[in-house]
Amino acid sequence: MKFRASKAGYLATDSDSVDPNTLASELVLRLGVGGTISGVVINGRREPIGSVKVYLKGDPKSAQTETDGQGRFAFDELPEGVYTVRTFTFAKPGEERRPEPVIENVEVSQGGSVEDELVKE
C-alpha cells in the first residue's frame, strides 16, 4: 500500500510501500521543512508591477505564479535545490519581444528563505 503525507508549510512525503498489517501507532512520518523564494517585480522607475507571470524552474520542482497588486510573488514549500526565477510576457502581434529579467542559481536550503527583485524595463 502507498500513501502520501502532507501538512501546510512542510514538504509532502510519498511512501514507497507500507505493509497493510502495520498499526498506525507504528508509523513514523518525517516531513521536511520547505524553503521559500519570494520577491517583487518592479519597473525601471522602481515601481511595483502587478499581474506579471513569474516562473520557477528547478529540480525537482517547477511552478508559476502571478504578482499581486504590489508586485510581490512567492514560491513556498520548495525542496532544497537550485532554481531559476524569470518573468515572461507575450509580445503583441507586430511587436518585438523584450528581454525578460532572470535570476539564475538561486539556492534554497531546507527551511531557508531567499528574497530578490526582478526589474522589467
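What radius of gyration does the chain have, and what would a compact globule of 121 residues have? The chain has 19 Å, but a compact globule of that many residues would have a radius of gyration near 14 Å. That radius is taken over C-alpha atoms, and the globule rule is 2.2 Å times the number of residues to the power 0.38.

Before going on, some ground rules. This is a predicted model: local features need pLDDT of at least 70, side-chain atom pairs count only at pLDDT 80 or more, and totals for chains, interfaces and linings use all residues. Residues are numbered from 1 along each chain as its sequence is written, and side-chain values use heavy atoms, with hydrogens and water left out.

Now the overall picture. Along the principal axes, the C-alpha atoms fill a box of roughly 65 × 30 × 25 Å. The accessible surface comes to about 8,400 Å². Carbon and sulfur atoms own 47% of that surface. The method here is Shrake-Rupley with a 1.4 Å probe; for residues, only the protein chains shown count as cover. Of the 121 residues, 30% count as buried. Buried means under 20% relative accessible area, exposed means over 50%, and partly exposed is in between, with a 1.4 Å probe and protein chains only.

Next, contacts, meaning heavy atoms within 4.5 Å. Take the contacts between residues at least 6 apart in sequence: 50% of them join residues at least 24 apart.

On to secondary structure. The chain has 0 helices and 9 strands. Read along the sequence, the pattern is β-β-β-β-β-β-β-β-β. Helices (H or I, at least four residues) and strands (E, at least two) are DSSP runs, numbered from the N terminus.

Let's look at one sheet. It is open, with 3 strands in the order β6-β3-β9, and the pairing is mixed. Two strands pair if DSSP finds at least two bridges between them. Why do β6 (72-78) and β9 (113-120) each have one side without a neighbour in the sheet? They stand at the edges, each with a single partner strand, so one side of each is left open in that way. Neighbouring strands of this sheet are turned by 20° against each other on average, direction ignored. The axes behind that are lines fitted to C-alpha atoms, for helices over the stretch in contact, and angles run from 0 to 180 degrees between N-to-C directions.

β3 and β6 pair in the antiparallel sense, over 5 bridges. One residue pair to find: Gly 39 has Phe 73, in β6, as its bridge partner.

Stay with strand β3, where Asn 43 lies. Asn 43 counts as buried, because its relative accessibility is 14%. Its side chain reaches the backbone nitrogen of Arg 45 at 2.9 Å. Leaving aside neighbours within four places in sequence, Asn 43 is in contact with Ile 49, Val 119 and Lys 120.

Now the loops. Most residues other than glycine have a negative phi, and most peptide bonds are trans. Three places here deserve a look against that background.

Start between β3 (35-43) and β4, with Arg 46. Phi of Arg 46 is near 65°, a positive value. Arg 46 counts as exposed, at 54% relative accessibility.

Ser 51 is also found in the loop between β3 and β4. Its phi is positive too, near 60°. At 55% relative accessibility, Ser 51 counts as exposed.

Last stop: Pro 60, in the loop between β4 (53-58) and β5 (63-66). The peptide bond from Asp 59 to Pro 60 is cis, with omega near 25°.

Conventions. A polar contact is a pair of N or O atoms within 3.5 Å; within protein, one must be able to donate a hydrogen and the other to accept it, and residues adjacent in sequence count only if both atoms are side-chain atoms.
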